[in-house]
Amino acid sequence: MDGVKLQINIIDLVSETHQRLRQRVGDRWVDSGNEAIAQSESHLMARVALRALSLAEAARQMGISRQAVQKTASKLRDKGYLEFRQRGENRRDKYMFLTSAGHRYIELSENLKLEMEEEIMTRVGSDDIQFLKKILLNL
């Protein structure tokens, strides 16, 4: 391995690798005939897939402003991946829900990630992948 690459700290290495892998997933999504989805849009859909969220809850979880979440959510609504609905008595609180297109995106992107994991596993070995997962889960 290149000497410069060995000098990079683990935090930056994980961050840079995460960014490259996310980009590859996005590229494969587009290559399969789908429209481009920004990283912020993908991140928001992943959060909403876990449970319906208000804009304020999503902003707290993602560590960004409510306005940034509003902008991203509006783009996703316009693309047909997300919808807003009121929950309960409070008419001010709008919650985000995935549409069928949003669920399809989540499902297909998970499949793309699994395919990429298999490719990486083929290159480095199953034992090393399991070891890396164990390390990352224990941080």
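Student: What covers the buried residues of α4?

Tutor: In this predicted model, the cover includes α3, β1, α5, β2 and β3. Helix α4 spans residues 55-62, and its buried residues are L55, E57, A58, A59 and M62.

Student: What makes these residues of α4 count as buried?

Tutor: Buried means under 20% relative accessible area. L55, E57, A58, A59 and M62 are the residues of α4 that are listed as buried, so each of them falls under that cut-off. Just after the helix, G63 takes a positive phi of about 70°.

Student: How much of the protein chain is buried?

Tutor: Of its 139 residues, 27% are buried.

Student: Why is S42 called buried or exposed?

Tutor: The relative accessible area of S42 is 11%. The limit for buried is under 20%, and therefore S42, at 11%, is buried. This residue is found in helix α3. Apart from neighbours within four places in sequence, S42 is in contact with I37 and Y105.

Student: Why is L50 called buried or exposed?

Tutor: L50 has a relative accessibility of 70%. Exposed means over 50%, so L50 counts as exposed. Like S42, L50 lies in helix α3. Its C-alpha is 9.9 Å from that of F97 in space, while the two residues are 47 apart in sequence.

Student: What share of contacts joins residues at least 24 apart?

Tutor: The share is 51%, taken among contacts between residues at least 6 apart in sequence.

Student: What makes β1 and β3 a pair of strands?

Tutor: A pair needs at least two bridges. β1 and β3 (residues 94-98) are joined by 2 bridges, so the condition for pairing is met. The two strands run antiparallel, and S54 stands opposite Y95 in β3.

Student: Why are β1 and β2 called edge strands?

Tutor: The sheet is open, with 3 strands in the order β1-β3-β2 and antiparallel pairing. β1 (53-54) and β2 (82-86) each pair on one side only, and they are the edge strands. Helix α5 (residues 66-79) packs on this sheet and touches β2 and β3. The direction of α5 makes about 115° with that of β2.

Student: How many helices and strands does the protein chain have, and how do they run from the N terminus on?

Tutor: There are 7 helices and 3 strands. Their order along the chain is α-α-α-β-α-α-β-β-α-α. The C-alpha trace spans about 55 × 30 × 25 Å along its principal axes.

Student: How do you know that empty space is left between atoms?

Tutor: Rolling a probe the size of a water molecule over the atoms shows where such space remains. The search of the whole structure finds 1 cavity of 30 Å³ or more. The largest cavity has a volume of about 60 Å³.

Student: Why is this space called a cavity and not a pocket?

Tutor: In a cavity the probe fits but cannot get out, whereas a pocket is an open set of points. The space of about 60 Å³ is classed as a cavity, which means that a 1.4 Å probe placed there has no way out.

Student: Which residues line the largest cavity?

Tutor: They are R22, V25, G26, I37, Q39, S42, Y105, S109 and K113. α2, α3 and α6 are the elements that give two or more of them. By class, the lining holds 3 nonpolar, 4 polar and 2 charged residues.

Student: Which residues lie nearest the centre of the second largest pocket?

Tutor: R22, S42, H43, A46 and K113 do, out of 13 lining residues. Helix α3 (39-50) and α6 each supply at least two residues of this lining, with α3 giving the most, 7 residues. The volume of the second largest pocket is about 240 Å³.

Student: How much space lies in the largest pocket, and what lines it?

Tutor: The space is about 1600 Å³. The lining has 31 residues, and T17, H18, L21, I120 and L132 lie nearest the centre. Elements giving two or more residues are α1 (3-7), α2 (10-31), α6 (100-124) and α7 (126-137). The largest share, 12 residues, comes from α2. By class, this lining has 17 nonpolar, 2 polar and 12 charged residues.

Notes. Residues numbered from 1 in each chain as written. Predicted model: local features only at pLDDT ≥ 70, side-chain atom pairs only at ≥ 80, totals over all residues. Heavy atoms only, no water. 1 Å grid on protein atoms, 1.4 Å probe; cavity = no way out; pocket = protein on both sides within 12 Å on 5 of 7 lines; lining within 4 Å. Points joined across faces, edges and corners; volume = space filled by probe spheres on them. Helix = DSSP H or I, 4+ residues; strand = E, 2+ residues; numbered from the N terminus. Nonpolar A, V, L, I, M, F, W, Y, C, P; charged D, E, K, R; others polar. Contact = heavy atoms within 4.5 Å. Axes fitted to C-alpha atoms, helices over the stretch in contact; angles between N-to-C directions. Buried < 20%, exposed > 50% of the residue type's maximum accessible area, 1.4 Å probe, protein only.
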